[in-house]
Amino acid sequence: MTMKIGEFLLNDSRITHEQLQNALEAQKNEPGKLGSVLIRLGYVTEEDIAQALSKQFGYPSINLSKFDIDEKVLELIKPEIARKHIVMPVHRIGSMLTLAMADPSNLFVQEEIRFSTNLRIQAVIAPETSIIEAIDRYYGSSTGIEAQKFLEEIDMGDIDDAAIELVEETEDYLYEGESDEDAPAIKLVNLIFQDSVVKGASDIHFEPYEKVFRVRFRIDGILHEYMTPPMNLKNKVLSRVKLIAGIDIAERRLPQDGRIKTKIVIEGKTKAIDMRVSSLPTIHGEKIVIRLLDKDNLMLDLTKLGFELLSLQRFEKSIAEPWGIVLVTGPTGSGKTNTLYSAISKLNSDEVNILTAENPVEFNLFGINQVNIREAIGLTFPAALRSFLRQDPNIILVGEIRDFETADIAIKAALTGHLVLSTLHTNDAPSTIARLINMGIEPFLVSSAVRLVVAQRLIRRLCGNCKKPAKVPVQTLIDVGFAPEEAKSIQIFEPNGCEKCSSTGYKGRVGLFEVMEIDEELREQIMVGASTSELRQKAKEKGMLTLRQSGIEKIKLGSTSIDEVLRESTKV
C-alpha cells in the first residue's frame, strides 16, 4: 500500500524518486504512514495526499469548508468518535450517510459507524486538518472538549447532588418533555452557571451562529469567551435554559423574559443567585442573555463606591433632606441601582417608610417595601407612584423616569414632602436638567424639586497584585486632563496580568462620579433657561468634578489606568 501511494504521487509528478527514497528511509526511524512522513518532510501537502488517496481508492475528494452540515446529521456521530477516528458526517440522503475520512482504507471505522448509525456509508476523502477544523467548528473547540470531559466524568446518579439547585424546580431534575438524552445539556448548563459565579460574571451570553455556538461571560464590564459547546447541544442547551426560566420553549419567533432562582455551592458555601433571562430570536436561533444578581456583590457602603470626598459629602447631604429629588444617571450597567440601593440602605430605619418601584426588583432588602413593575397587567411606574402616595411614604425610589407622566408624579411627590430617588439615561449631570424639561416638566418645577444629580460610570480596577508603573509622555497626560505640573511628577500605573486577575491586569470595578448639587445660583439659571454648557460651567465653578476629573483622581491613586478612564469619559 505504501508503494502504491508513492507511485501515485510519482506519476502525478508531486514528488521525485529521491524524495520518495528519503521518505522511506525516514519512515524506518519514525514509524507511520508514508503520506504523513511526506507531509512532515514538506514534500507534499495534505491536499496532495487527499487527491492521491482519491485516485487510489476511487473515492471523491471534497473541500469541507464549503459544506454547511445539518445539526441532525451531526447528531448521528458522537464527538468523541469523530475525534478518535478523524471522520466527519457530511450529509444524509435516505439510508446513505456521506462520511469524510482522512484514511478511507480503514474499513473497520466504516463498519463501526455503519453499525452505530444503521446507515450505509459513502466515504469521501478530506485532508486531516480540514476534518479536525470541522470537528472543532461543529462539535466544539478545545474548551468544548473540556466541557464534554466534564460531562463524561459526572455520573447520572450524582446529578441531584450537583452544585446547582434550582430553587423553584420540581423534585425530579428532569422537566416534563426532557429525557435522559438531555442529561449532557443539563450538566453543561449547570457547569456554565457554576463557573459564571466562580469567575464573578455579571452576565452570561448564549450566542448561536451559523457554524459556532458560543458562550461568553461579562466580567468587570468586558465580555470574554468562555467556551464553544458542541453544535449538537445548541438546541438542547437553549431549551433547558428557557425551560427552567419559565419561558415558552415552543415560541421561537418573539423575544421573551424569564427568571431563574438558584442555589450554587462554591467552596462548600451555598450562594443564592437570582437570574434574569432574556431570549431574542436571531437568524441562527435564539440568543439568550442571563443577568446574574448576586447579593454578595452588592456594595451598600457609600464610602466604598468610589465617590471623591466632596462629592460624597454632597450626596449624603442631599439624601438626608426630608424632601426633593435626587437623580442618578448613566447608561445601562453603570452601577446606578447599586448607588440607589446604597442610599436607601443608609436611610433605612424603623422611623421611615421606604417604598420602591422597580422593573424588576434586583435585590430584596429587609425593611424596604419593594414593588415589581408589571406593565402587562397595568402596574406601571405612574400607577405604582400614585398608589405609593396613599401608603404614607417618607422615601420613594422609582426605578426609572422614562416619560412625562412618571416625571410629573415624581416632581409633585417631591414638592409635597417626600424624598424621591430615581434614575435617568443621560450622558452627564448637567444634561439631566434639559432632559426633564424636554419631557415637558416646567423649568420652575425642575429647579424647585431637584436637589442633586449624579452621573456615573464603572471602570475596571487595576489588579493590586500585578499592576506595574507605566511610562507615559508628559504631553499625553496633559491631553488627558492633568495639570502640566502634575504631569511631570505623577506616577501612572498600567495593567500587567497574573493568575489572580486571569491575565487581564484588572480585578473588580470602581465608579466615576459627577455630582451636581442644585444650589440657589443653579436654580436661577434653570429658571431662566440656561443651556447645558452654562449649567456645567457654573457647577464646575462650585466645585463639581466631571467624570474625566473623577477618573484622573482614580489614576492618581493608582486605582485604574488611563485607558479605562478614556474609555468611559470625555474631556469637557
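How much area does the chain expose, and what share of it do carbon and sulfur atoms supply? In this predicted model, the exposed area is about 27800 Å², and 49% of it comes from carbon and sulfur atoms. The legends below go through some close-up views.

**View 1. The whole chain, with its 23 helices and 19 strands.** Let us start with the overall picture. Of the 572 residues in the chain, 49% are buried. Taking the contacts between residues at least 6 apart in sequence, 64% join residues at least 24 apart.

**View 2. An open sheet of seven strands with mixed pairing.** Reading across the sheet, the strand order is β13-β12-β14-β15-β11-β16-β19. At the edges sit β13 (369–372) and β19 (506–517), each of which pairs on one side only. On average, and with direction ignored, neighbouring strands in this sheet are turned by 20 degrees against each other. For a look at one pairing, find β12 (residues 354–358) and β14 (residues 395–398), which run in the parallel sense and share four bridges. I354 has I395 of β14 as its bridge partner.

**View 3. Helices α12 and α16 packed on the sheet.** Helix α12 (residues 309–319) touches β11 (324–329), β15 (419–424), β16 (450–462) and β19. The direction of α12 makes about 135 degrees with that of β16. Helix α16 (residues 430–439) also packs here, touching β11, β15, β16 and β19. For α16, the angle to the direction of β15 is about 95 degrees.

**View 4. The largest nonpolar core, with 61 residues.** The residues with the most contacts inside this core are L64, M88, I192, F193, I204, F206 and I290. Helix α10 (residues 183–198) gives the most to the core, with seven residues. If you centre the view on I192, you will find that it touches I204, F206, V215, F217, Y226 and M227, leaving aside residues up to four places away in sequence. Elsewhere there is a second, separate core of 37 residues, which includes I373, A410, V420 and A449.

**View 5. Stacked rings among the four aromatic pairs.** Here is a view for anyone who likes ring geometry. The ring centres of F217 and Y226 are 4.3 Å apart and the planes meet at 15 degrees, so this pair counts as stacked. Both F217 and Y226 are buried. F307 and F513 form another stacked pair, with 3.9 Å from centre to centre and 15 degrees between the planes. This pair links distant parts of the chain, 206 residues apart: F307 lies in the loop between β10 (285–294) and α12, and F513 lies in strand β19. F307 and F513 are both buried. Together with F315, they form one aromatic cluster.

**View 6. Helix α22, largely enclosed by the rest of the structure.** Why is helix α22 (residues 547–556) described as largely enclosed? Seven of its ten residues are buried, so the rest of the structure largely encloses the helix. The buried residues of α22 are L547, R548, S550, G551, I552, K554 and I555. They pack against β16, α18 (474–480), β18 (492–494), β19 and α23 (562–568). Just after α22 comes G558, which takes a positive phi of about 80 degrees.

Terms used:
Residues are numbered from 1 along each chain as its sequence is written. This is a predicted model: local features need pLDDT of at least 70, side-chain atom pairs count only at pLDDT 80 or more; totals for chains, interfaces and linings use all residues. Side-chain values use heavy atoms; hydrogens and water are left out. Two strands pair if DSSP finds at least two bridges between them. Helices (H or I, at least four residues) and strands (E, at least two) are DSSP runs, numbered from the N terminus. Axes are lines fitted to C-alpha atoms, for helices over the stretch in contact, and angles run from 0 to 180 degrees between N-to-C directions. Contact means heavy atoms within 4.5 Å. Buried means under 20% relative accessible area, exposed over 50%, partly exposed in between (1.4 Å probe, protein chains only). Accessible areas come from the Shrake-Rupley method with a 1.4 Å probe; for residues, only the protein chains shown count as cover. A nonpolar core is a set of buried Ala, Val, Leu, Ile, Met, Phe, Trp, Tyr and Cys residues joined through side-chain atoms within 4.5 Å. Rings of Phe, Tyr and Trp (its six-membered ring) pair if their centres lie within 6.5 Å; planes under 30 degrees apart count as stacked, over 60 as edge-to-face and the rest as tilted.
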